[in-house]
Structures are given as structure tokens and as C-alpha cells.
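Let's walk through this one together, starting with how the pieces are named and ending with how far to trust them. Keep the viewer open as you read.

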Amino acid sequence: MIHVRASWMVAFLLSVLVTCALAAVGVMNGPSGSLGFLTAGPDDEAWIVETMPETFARRGREIGVARWTPDGALGDSSAWSDERTFTLGPMSAGGGFLDPEEVVSCWRLRVGWPLRSFEMSYWSRGTVRVEVDRFPAFFGAGFGGVPIGIRPAQLLGNLAFLTVAFGIGLTVLGEWRQRWRRRAGACIECGHLLAGATRCPECGAMIEGPRES
Ligand SMILES: [Zn+2]
């Protein structure tokens, strides 16, 4: 029983490690240079509205844009990441931009496996880039400067899935090891060769007594 509990604890730690590693890769990855074309999906407009800070919304009201729509959408996705870039230009502003050179871009990267549990994003206007710093929303101002957001439901889902997957894997490996040791005439607890003893001289486990695990 103790062995089963220990392997599930290890499985949970492994799932946390994998999840953190993907978040770190996401932070270091940043915007990629190799984007393929994608069509904007139905949830993208909601993301734009959520990502845009109030200053940008005010800019929209100034120039009479009530509803932003992307002029172009770029994206790239893999098994563990999803990246989207939108450009909002004069066309989506209905010709209302004061400066025809004024272009607004939004970039979003979501990483995690099997669900996208972390998100980074920024918007830029002309040459000014503004990171959308997600940590303050969860942990207060002390964590400023970390441009990554947690998607709680997806994070919990990933940890649960990975813990179960690693737990099953470790349990199966443990069973195989016990079976192999029993067949080899070794102690099933520590692997010490027994040579017919009824109690393991190495760890003290009883050999012929009632099996606990
Ligand atoms: Zn032993």
C-alpha cells in the first residue's frame, strides 16, 4: 500500500514538472517567425476584446470604432502550443484611423499539454509594444513583469490527466519489477538475492508470510 501511495506522489510531481517546463518554454519562445495562415475562429473576437486594455478601447471610441475585427490573422499550432496574431488596420476601423499608418497587432501564445493551460499575449500599436501582464490579476502587484497567465480549469485538467497517466505507468512498472524479482528468487521489496531465506537479510521483508502489497 505504501508503494502505491509513493508512486502516485511521484506521478503528481512529474505532472507538475512537465507542466512547468511547458510554461517555461512558452515564456522563452515568444513570437515565432514561422507563422502560417489561419482563419480567425469564433472565439478570437472575444479574445481581442479581453486582451485589449482600456487605453485601446478608449482609442477605439475616439475614432468611432465600436467593434474591432481582424484585417488579417496569422497562427501556428502544435501538439502543445497555439499561437495567433491579429492585425487590426484601417479596413477594420472602417477607414476611421486618423493616421493611415496606424496598425494594431495582437499576439497570443497558449501552451500546455493536453490542454493549453498558460497564456501570453501583447498588443502593439505602431512600433510600441505592450506586454499584457497576466500575473497581477491572480497574485497582486508583486508579481509584475511575468507575461504569462494561468487558465485555471485547463491547468487543473492537465495536472489530473498527467498524474493519472504517470501514476498508471509507475504502477505497471512496479508490478513488472515485483514479478521479475519473484521469478529471479530475489526479495520483491529491495531486489536482494535470497538463496532460500524466509526473511530478506537486506531489508527484513518476510518472504513466505502474508503478502501486503
Ligand atoms: Zn529485501
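A quick word on naming first: helices (H or I, at least four residues) and strands (E, at least two) are DSSP runs, numbered from the N terminus. With that in hand, look just past H5, where glycine 185 takes a positive phi of about 75°.

Now step back to the whole thing, which is a predicted model. The protein chain has five helices and seven strands, and reading from the N terminus they come in the order α-β-α-α-β-β-β-β-β-α-β-α. Of its 213 residues, 15% count as buried. If you take the contacts between residues at least 6 apart in sequence, 52% of them join residues at least 24 apart.

H5 is a good place to linger, as confidence in the protein chain is highest there, at a mean pLDDT of 94. Does its length add up, and what should you expect? The helix has 32 residues, and at 1.5 Å a residue it should span 46 Å; the end C-alpha atoms are 46 Å apart, so the two agree. Its buried residues are Asn158, Leu162 and Phe166.

Alanine 165 also sits in H5, which covers residues 152–183. Alanine 165 has 15 C-beta neighbours inside 10 Å, and therefore counts as partly exposed; the buried label takes 20 or more. Tryptophan 8 is 157 residues away from alanine 165 in sequence, yet their C-alpha atoms are 10.0 Å apart in space.

Further along H5 you'll meet tryptophan 180. Tryptophan 180 counts as exposed because it has 12 C-beta neighbours inside 10 Å, and 12 or fewer is the cut-off for that label. Glycine 191 is eleven residues from tryptophan 180 along the chain, with 9.5 Å between their C-alpha atoms.

Over in the strands, have a look at the loop between E4 (104–111) and E5 (118–125), where you'll find proline 114. The peptide bond leading into proline 114 from tryptophan 113 is cis, with omega near 0°.

Finally, how much should you trust? The average pLDDT of the protein chain is 72, and 55% of the residues score at least 70. Confidence is lowest in strand E1 (residues 36–37), at a mean of 30. Residues 135–145 stay under 50, and the model gives them nine contacts beyond four places in sequence. Residues 209–213 are also below 50, with three contacts beyond near neighbours in sequence. Where pLDDT is low, don't read the predicted coordinates in detail.

Technical notes: Residues are numbered from 1 along each chain as its sequence is written. This is a predicted model: local features need pLDDT of at least 70, side-chain atom pairs count only at pLDDT 80 or more; totals for chains, interfaces and linings use all residues. Two residues are in contact if their C-beta atoms, placed from the backbone, lie within 7 Å. The expected span of a helix is 1.5 Å times one less than its number of residues. pLDDT is the predictor's confidence in each residue, from 0 to 100.
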